[in-house]
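I opened my notebook to get to know a new structure, one topic at a time. Here is what I looked up, in the order I went.

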Amino acid sequence: MSDMSNRKPETGAFFPRDRSWHPPAYTPGYKTSVLRSPQKALLSLDGTLSEITGPVFGHSILGELDNDLIHNFARAGESAIGERIIVHGRVLDERARPVPGALLEFWQANAGGRYRHKKESYLAPLDPNFGGCGRAITGEDGTYAFRTVKPGPYPWPNGVNDWRPAHIHFSVFGHGFAQRLITQMYFEGDPMIWKCPIIATIPDRAAIEQLIAPLDWGNTIPMDARAYKFDIVLRGRRSTLFENRLEGN
Amino acid sequence: MVQSLDTLKETPSQTAGPYVHIGLTPNFCDIAGVYQNDLGTAMVNDNTLGQRITVTGQVFDGTGTPMKDVLIEIWQADAAGLYNSPSEMRGSADPNFTGWGRSAADGTTGDYRFETIKPGRVPFRDGRKMAPHISFWIVARGINLGLNTRMYFADETAANAEDPVLARIEHRIRVPTLIAEGDGKTYRFDIHLQGEKETVFFDI
Ligand SMILES: [Fe+3]
């Protein structure tokens, strides 16, 4: 809580979600969605306190290596195998304001495209020094950064020959429960982006491009790690200037 | 340009996929030693105020099969109806209650489970009291954008009858999809993604 105490509390309801910018629930090209997509209309609800509020995660939950996937699972003195990269960016809201104190959790395959998970069946080898998870909390300016190895692409059972492009999964907590978001980051210049059935669930090409992190040459560390920049936008809030006041507010 | 609205588009969602546990509950999926605990496993402690309850259930796909790879997060008020959030302006919530939980379904049965307390009543936008409820957020492989719903309590008949959100459900036959049966200790809330019993999901 103490991390947030100096900020003006946010009490506005969120802008309605533009659902045409997100993938629809039913996307037959991604077969698993067929039986996991609600078929009835959603009940629209302007945010109440239950949606406007949300939990807070202080920096105290973070361990020293939480944002270093190269080392956070590795044996002492060793490190994960692969192309060393830094992923960094800002978390903003739709009004382009930084979102401080946002919790980001990431997970990814290793450099060979293999996940450390009992359901994983790809024949690429596990890296004994790579776990595949990390997390960070944004600073006052909304920025975050972590170090990892570039994940490999991997095949998956959907069509006969479907492959996922290299990607990092992101889970994001803003300040309200209605901002909760899970997405994936892709890498600039990867031709496999345009062959992927999961990416193709997003109808608008401009929305897909919002998930592609450019190589950030300026922030590349010589002789060490290349940088990719990935900004994330969460839902914005209405100004509360002329809102009916919530009871007790 | 001075008159630009300067608004950005929300980052589009992508499915949490089959390996969401690696990122959100690594200890649960045998990636030990990276984080001390998985976040959201403990909502209460010995000093938490209110009626202790267990909330459990399964999430079913369109064939009625329980989803064993689903991950659920809940968010709720404390026993006095206050949220443990900086956006809560009505008072200070119980410091011994987080209000937020995360549960990965059991890999064999598909059961999810939360040890929590029964929430108090929270005002709707116009000040009327909503019935006690828990907000749910559901992600899994095959779900392209996290699903939002609410769980209400079957033993809150009077409060449920005047709840302004339940009142908005046009097809009254669907209201029971949001109501968990329970004995005051354990409440069962099953979620159906499709079919006759499809749960009411929200666009919040
Ligand atoms: Fe993946």
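**Entry 1: the nonpolar cores**

I began with the inside, keeping in mind that this is a predicted model. The largest nonpolar core holds 48 residues, and I noted A:Trp107, A:Ile182 and B:Ile22 as those with the most contacts inside it. Next I looked up which elements build this core. Each of the following supplies at least two of its residues: from chain A, strand E3 (103-107) and strand E4 (133-137); from chain B, helix H1 (20-24), strand E3 (71-75), strand E4 (100-104) and strand E6 (133-139). H1 of chain B gives the most to this core, with 3 residues. I also found a second, separate core of 40 residues, which includes A:Tyr30, A:Ala80, A:Phe170 and A:Leu181.

**Entry 2: where the chains meet**

How many residues does the contact take from each chain? I wrote down 98 residues from chain A and 77 residues from chain B.

Then I turned to area. The size of an interface is often given as the accessible area lost when the parts come together. For chain A and chain B the buried area is about 7,900 Å², with 57% of it on carbon and sulfur atoms. In chain B, the residues that lose the most area to chain A are B:Glu10, B:Gln14 and B:Arg125, together 12% of what that side buries.

B:Glu10 came up again when I looked at charges: its side chain meets that of A:Arg17 in a salt bridge, at 2.8 Å from N to O. The count of salt bridges between the two chains is 9. For polar contacts across the interface, I noted 45 residue pairs, both residues being at pLDDT 80 or more.

Which elements of chain B make up the side that touches chain A? H1, E3, E4, E6, strand E7 (147-153) and strand E11 (202-203) each supply at least two residues of it. Sorted by type, the residues of that side divide into 40 nonpolar, 20 polar and 17 charged.

**Entry 3: two backbone angles in chain A**

I stopped at A:Ala96, which has a positive phi of about 65° although it is not a glycine. A:Ala96 lies in the loop between strand E2 (84-93) and E3 of chain A. Its relative accessible area is 38%, so I list A:Ala96 as partly exposed.

A:Met223 also has a positive phi of about 65° and is not a glycine. I found A:Met223 in the loop between strand E10 (212-213) and strand E11 (226-229) of chain A. Is A:Met223 buried or exposed? It is exposed, because its relative accessible area is 87% and the cut-off for exposed is over 50%.

**Entry 4: two more places in chain A**

A:Asn158 sits in the loop between strand E6 (154-156) and strand E7 (162-164) of chain A. With 10% relative accessibility, A:Asn158 counts as buried. Its side chain makes a polar contact with the side chain of A:Asp162, at 2.9 Å. Setting aside neighbours within four places in sequence, A:Asn158 is in contact with A:Gly29, A:Tyr30, A:Lys31 and A:Pro197.

My last stop was A:Ala145, in strand E5 (residues 143-149) of chain A. A:Ala145 counts as partly exposed, at 35% relative accessibility. Not counting residues up to four places away in sequence, A:Ala145 touches A:Asn67, A:Val87, A:His88 and A:Ala136. I also looked up the C-alpha atoms of A:Ala145 and A:Leu104: these residues are 41 residues apart along the chain, and 9.9 Å separates the two atoms.

Technical notes. Residues are numbered from 1 along each chain as its sequence is written. Chains are lettered from A and ligands numbered from 1 in the order in which they are written. This is a predicted model: local features need pLDDT of at least 70, side-chain atom pairs count only at pLDDT 80 or more; totals for chains, interfaces and linings use all residues. Side-chain values use heavy atoms; hydrogens and water are left out. A nonpolar core is a set of buried Ala, Val, Leu, Ile, Met, Phe, Trp, Tyr and Cys residues joined through side-chain atoms within 4.5 Å. Buried means under 20% relative accessible area, exposed over 50%, partly exposed in between (1.4 Å probe, protein chains only). Helices (H or I, at least four residues) and strands (E, at least two) are DSSP runs, numbered from the N terminus. Contact means heavy atoms within 4.5 Å. Buried area is the accessible area (1.4 Å probe) that two parts lose on being put together, summed over both. A salt bridge is a side-chain nitrogen of Lys or Arg within 4 Å of a carboxyl oxygen of Asp or Glu. A polar contact is a pair of N or O atoms within 3.5 Å; within protein, one must be able to donate a hydrogen and the other to accept it, and residues adjacent in sequence count only if both atoms are side-chain atoms. Ala, Val, Leu, Ile, Met, Phe, Trp, Tyr, Cys and Pro count as nonpolar, Asp, Glu, Lys and Arg as charged, and the others, Gly among them, as polar.
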